[in-house]
Every structure is written in C-alpha cells, then in structure tokens.
Amino acid sequence: FANKEATSETIDKNNWLHTGDLGRMDNRGYVTITGRIKELVITAGGENVAPVPIEDKIKYACPLISNVMLIGDKRKFLSVLVTLRSVINPDTLIPTNDIDPTCKQVLSKAGVNSMNVDEVSKEESVKQIIQGAIDFYNRFAASNAQKVQKFVILDTDFSVPGGELTETQKLRRRIVLEKYSEQIESMYSETSTEV
C-alpha cells in the first residue's frame, strides 16, 4: 500500500480487486480466466474481441494445429496464423520440420503421404481440415465481427527459442506480429482470396 495511486487503480472503493483479466463465472460461482484486457483485439468497426477463447476453440477443434494467433486489431475482419504440430528437438527446444507422430493418423486419413511441415502445409486437404475447425468455431461466434475469415499456415511452430512464446508458453503477440508481418499482410491485401 506504499503507492496509493497504484493501489486505488487495483483495488476500488468497494474492495474489488481489478487484475486486468477477462473471465466468466459459472453457475456454481467459479471464475475461469479467459484472457487479459490488454490482449483485446479492437476491430476497425470498434468491436472488442478477446483472442484467447477464439484461439483455443479453433486449436482444440483440429488435432493438426499446435498454435493459433488471432489477428484483427484495427482491421476490417479477423484472421488467424496457424502452426502445425511438429516434433520438437529435445536438446534445443526448436521445432523440427517433422510432423508430430500423433498427427500422422489424421493426415493418413486425409490422404496426405508427406510427413514434413513444409509439404503438409501446402496440401489442400490440410487446408480444408483447418478451415473445418474455423467453420466450427464460426458457427458459435458471438457476432459476425467475431468470425474468422482467413488463415495462413506458418512454416514453423511457435517456440521459446524462436521468441514467439514465453517460458510459460504464452504468446508474445507483439513479436509474432513483427516476425510474420508479411504473412499477415497477405491476408489483408486486395488480391488475397478468402480461404
């Protein structure tokens, strides 16, 4: 309580603690943290969108996906960057180009024979599987502005050594935005087609 100004911003006059987290309360009174206020994406239309719940729903709808990052701040629509599950080198913690063994069965069922990220990411059937996960999320989106319209599959997974993740596996959004700016802009260019 040494810094009264900071304390008054965190604890209000009714003794409520303002952590900066977004969450929801279930019917038993339990709170689930769903994201951070500072992570909010504010679309060009002014809609506030919490990215983490959207990213999680897409990720869990598709076993091929390792990571998803929502894009759309000051943009006309939402899009996502997607990474595929790959084998992680245990010594360096750097993702390899080899597809994770748990995904090979899904790929085989889709008729994909290749098992490296570079080739798999170009496969039309893989793009359709990912589009299916996005379509699944979009059916339950809170509004049209919260629907994901495009995606790009990146050629490598996010990692701590790559700078995209913290040691606790949280996305470093600013770093990802800088590192993959070309891929992001490709989704918003006039010649880009909807995926």
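These are my notebook entries on a few side chains and pairings that I looked up in this predicted model.

**Entry 1: Arg172**

I started with Arg172, which I found in the loop between β9 (148–153) and α6 (173–179). Its relative accessibility is 36%, so I put Arg172 down as partly exposed. Next I listed its contacts, leaving aside neighbours within four places in sequence: Gly163, Glu164, Leu165 and Thr166. For Gly163 I also noted a distance: its backbone oxygen lies 3.4 Å from a polar atom of the Arg172 side chain. I then looked further along the chain and picked Met69, which is 103 residues away from Arg172 in sequence. In space, the two C-alpha atoms are 9.9 Å apart.

**Entry 2: aromatic pairs**

How many aromatic pairs does the structure hold? I got 3, and I wrote up two of them here, starting with Phe136 and Phe140. The ring centres of Phe136 and Phe140 are 5.3 Å apart and the planes stand at 65°, so I logged this pair as edge-to-face. I checked accessibility for both partners. Phe136 has a relative accessible area of 40% and is partly exposed, while Phe140, at 58%, is exposed.

My other pair is Phe158 with Tyr180. Here the ring centres are 6.1 Å apart and the planes are at 45°, so the pair is tilted. Phe158 lies in the loop between β9 and α6, and Tyr180 in the loop between α6 and α7 (181–188), so this pair ties together parts that are 22 residues apart in sequence. Buried or exposed, I wondered, is Phe158? Phe158 is buried, at 3% relative accessibility. Tyr180 is buried as well, at 5%.

**Entry 3: Arg75 and its partners**

I gave Arg75 an entry of its own. Its charged end sits over the ring of Tyr188, 4.3 Å from the ring centre. Which residue does Arg75 form a salt bridge with? I found Glu185, with the closest N and O atoms 2.6 Å apart. Arg75 is in the loop between β5 (65–71) and β6 (78–84) and Glu185 is in helix α7, so the bridge ties together parts that are 110 residues apart in sequence. I also checked the exposure of Glu185: it is partly exposed, with a relative accessible area of 40%.

**Entry 4: more salt bridges**

A reminder to myself: side chains of opposite charge can pair when their charged atoms come close. My count of salt bridges came to 6, and besides the Arg75 one I wrote up two others.

The side chains of Asp26 and Arg28 meet at 3.5 Å, N to O. I have Asp26 as partly exposed, with a relative accessible area of 29%, and Arg28 as exposed, at 64% relative accessibility.

Arg174 and Glu178 also form a salt bridge, at 3.0 Å, N to O. Both residues lie in helix α6, 4 residues apart, which is about one turn of the helix. Arg174 counts as exposed, with 54% relative accessibility.

**Entry 5: Gln146**

I closed with Gln146, placed in the loop between α5 (124–139) and β9. Why did I file Gln146 as buried? Its relative accessibility is 15%, and buried means under 20%. Not counting residues up to four places away in sequence, Gln146 touches Glu47, Asn48, Val49, Ile54, Leu78, Tyr137 and Ala141.

Methods: Residues are numbered from 1 along each chain as its sequence is written. This is a predicted model: local features need pLDDT of at least 70, side-chain atom pairs count only at pLDDT 80 or more; totals for chains, interfaces and linings use all residues. Side-chain values use heavy atoms; hydrogens and water are left out. Helices (H or I, at least four residues) and strands (E, at least two) are DSSP runs, numbered from the N terminus. Buried means under 20% relative accessible area, exposed over 50%, partly exposed in between (1.4 Å probe, protein chains only). Contact means heavy atoms within 4.5 Å. A polar contact is a pair of N or O atoms within 3.5 Å; within protein, one must be able to donate a hydrogen and the other to accept it, and residues adjacent in sequence count only if both atoms are side-chain atoms. Rings of Phe, Tyr and Trp (its six-membered ring) pair if their centres lie within 6.5 Å; planes under 30 degrees apart count as stacked, over 60 as edge-to-face and the rest as tilted. A charge sits over a ring if NZ of Lys or CZ of Arg is within 6 Å of the ring centre and within 35 degrees of the ring normal. A salt bridge is a side-chain nitrogen of Lys or Arg within 4 Å of a carboxyl oxygen of Asp or Glu.
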